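This report goes through selected parts of one protein model. The sequence and the structure come next.

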Amino acid sequence: MFEFKVIAQCPVTGARAGEFTTPHGVIHTPVFMPVGTLATVKAMSPDELETIGSQIILGNTYHLYLRPTPEIIAKAGGLHSFMNWKRPILTDSGGFQVFSLARLQKITDKEVICRSHIDGSLLTMSPEWSMNMQGVLGSDIAMCFDQCCEYPATHEKAEDAVRRTTIWAKRSREYFMANNDTGKQALFGIVQGSVYDDLRRRSAEEICGMDFPGYAIGGLSVGEEHSAMYHSLDVLNEIMPKDKPRYLMGVGYPPNIVEGIARGVDMFDCVMPTRNGRNATVFTSFGRLNMRGASHAEEFFPMDSECDCYACRNFSRSYLRHLAMCGEILGARLFTWHNLRFTIRIAEKAREAIIAGKFPEFLRDFTERFRDDNSNSDS
RNA sequence: GGCGGAAUGGCCGAGUGGUCAAUGGCAACAGACUGUAAAUCUGUCGACGGGAGUCUACCAUGGUUCGAACCCAUGUUCCGCCA
């Protein structure tokens, strides 16, 4: 269980294709994992997620702790059973909420004391709390409780987050080994370090020295330039274990995924396909489209004629824009459907290309075709 | 036919002598969204101009006033109530 096998590697870039075995099935990498924070990938049923090729989805410790509460999930028999999802689940530790809900909390090495964003009640999060909760959830992959550093951050602040993340990783691992079912759940470590090479190296050394079955790269895609993200991935690609899966947390944006794969990343997750979908922005093989745009009003053809998703096979841009303008719930569903399928397909195509020995060509073609005039990135 | 009320920018609707090119909301247009406090948020929104600014505007016409979306007169249209 939790064996990672690299089955093909790109001889030019760092890209690799692999298989990661979990209790709920084998995950073929590279893989994009839809985010289902509250035990639902917003707007999609489990059936539909399977249809579009979702191999694994995410759940969130903090959010599920508040609602419906661990008691209810335990009674339901765990998260898989509760939400009727039969494939693997990865749970985030709540570490990201230490970052995203920063205004509501106080952080010490011991714990994070924060206020619920729902009713303001006091809540104490810690590595032990997170491991316990993730045990209740029964995810296939649990994540260490970490501190995601904001961007920009001074070297001093980033270093403190690295230091604390290592302390918390040790405690996460100890509690996990003693209390969780290690036959059914794997715990991944998380590397921090912001955009500082020395901190990335130090964090990778400390975290990867703890022998986790997989390693995540956290603290990126938080506002830094794309070039900075790619540089950090280059640094980490050299030093992270090659025989373990690598998970770039919170990415993402289609070009970031492709560039991440080129730098040896195997797993990705991001709210972008689902959130942007609900807000009527879609990704296509030739770039990004705001489907509310007046220019689509009389376009009686698909969003992306190369896409094999339900929305692109059955509906015109004109109709989809109409749904978006009316705020119809079907619009949100179809855009989400498309974006998830498109993003999952990127990973599938990358995998096929790696196995076929044609990843550099895939990378070049994708980058040339994916135009995003509005992107303020430098990539 | 009589009495009363109302007419404001694409729509609804504030304003009731100067600080009003005119609050809000909606619509429209554009933008943002990267381990989800997001089916959310931001900007623009009379015309021309890069801007300073200029022009045209609160049903119509005339008037009062230094000054009117706001006061007066007449007209037009609409809405009530009574015949």
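The sections below treat strands, a buried arginine, a buried helix, a cavity and some backbone angles.

## The model

This is a predicted model. Every value in the report was computed from its atoms.

## A sheet of three strands

Strands of a sheet pair through backbone hydrogen bonds, either parallel or antiparallel. Here, three strands form an open sheet in the order 7-8-9, and the pairing is antiparallel. Strand 7 and strand 9 are the edge strands, each pairing on one side only. From one strand to the next, the twist averages 15 degrees.

Strand 7 (residues 105-107) is joined to strand 8 by three bridges. One pair of bridge partners is I107 and V112, the latter in strand 8. The two strands form a hairpin, with four residues between strand 7 and strand 8. On its other side, strand 8 pairs with strand 9 (residues 122-125) over four bridges, again in the antiparallel sense. C114 has L123 of strand 9 as its bridge partner, and I113 has T124 of strand 9. Six residues lie between the strands in the hairpin of strand 8 and strand 9, where G120 takes a positive phi near 80 degrees.

Which residues make up the covered face of strand 8, and which the uncovered one? In strand 8 (residues 112-115), V112 and C114 are on the covered face, while I113 and R115 are on the uncovered face.

## A hairpin at the start of the chain

Strand 1 (residues 4-9) and strand 2 (residues 16-22) are also antiparallel, and five bridges pair them. Within this pair, A8 stands opposite A17 of strand 2. Six residues form the link in the hairpin that joins strand 1 to strand 2.

## A buried arginine

R164 belongs to helix 7 (residues 155-179). Is R164 buried or exposed? Its relative accessible area is 8%. Because a residue counts as buried under 20%, R164 is buried.

What does R164 touch, apart from its neighbours within four places in sequence? R164 is in contact with I107, T108, D109 and Q147. Of these, I107 was met above as the bridge partner of V112. D109 is 55 residues away from R164 along the chain, yet the C-alpha atoms of the two are separated by 6.1 Å.

## A covered helix

How many of the nine residues of helix 10 are buried? The answer is nine of nine, in a helix that spans residues 254-262. The buried residues are P254, P255, N256, I257, V258, E259, G260, I261 and A262.

These buried residues pack against several other elements. The strands in question are strand 4 (31-34), strand 14 (267-270) and strand 15 (281-284). The helices are helix 9, helix 14 (329-355) and helix 15 (359-369). Just after helix 10 comes G264, with a positive phi of about 85 degrees.

## One cavity

Rolling a probe the size of a water molecule over the atoms shows where empty space is left. In this structure there is one cavity of 30 Å³ or more. The largest cavity holds about 30 Å³ of space.

The lining of the largest cavity consists of I217, L233, L236, N237, M240, R246, R263, G264 and V265. Helix 9 (residues 226-239) gives the largest share of this lining, three residues. Sorted by class, the lining has five nonpolar, two polar and two charged residues. G264, noted above for its positive phi, is among the lining residues.

## Backbone angles to check

Most residues other than glycine have a negative phi, and most peptide bonds are trans. Two alanines are listed here for a positive phi. A39 has a phi near 60 degrees and sits in the loop between strand 4 and helix 1 (46-51). For A280, phi is near 70 degrees, and the residue is in the loop between helix 11 (272-278) and strand 15. A39 is buried at 14% relative accessible area, and A280 is buried at 4% relative accessibility.

Two peptide bonds are listed as cis. The bond from Y151 to P152 has omega near -5 degrees, and P152 lies in the loop between strand 10 (141-143) and helix 7. The bond joining V251 and G252 has omega of about -15 degrees, with G252 in the loop between strand 13 (246-248) and helix 10.

Conventions
Residues numbered from 1 in each chain as written. Chains lettered and ligands numbered in written order. Predicted model: local features only at pLDDT ≥ 70, side-chain atom pairs only at ≥ 80, totals over all residues. Heavy atoms only, no water. Buried < 20%, exposed > 50% of the residue type's maximum accessible area, 1.4 Å probe, protein only. Pairing = 2+ DSSP bridges. 1 Å grid on protein atoms, 1.4 Å probe; cavity = no way out; pocket = protein on both sides within 12 Å on 5 of 7 lines; lining within 4 Å. Points joined across faces, edges and corners; volume = space filled by probe spheres on them. Nonpolar A, V, L, I, M, F, W, Y, C, P; charged D, E, K, R; others polar. Contact = heavy atoms within 4.5 Å. Axes fitted to C-alpha atoms, helices over the stretch in contact; angles between N-to-C directions.
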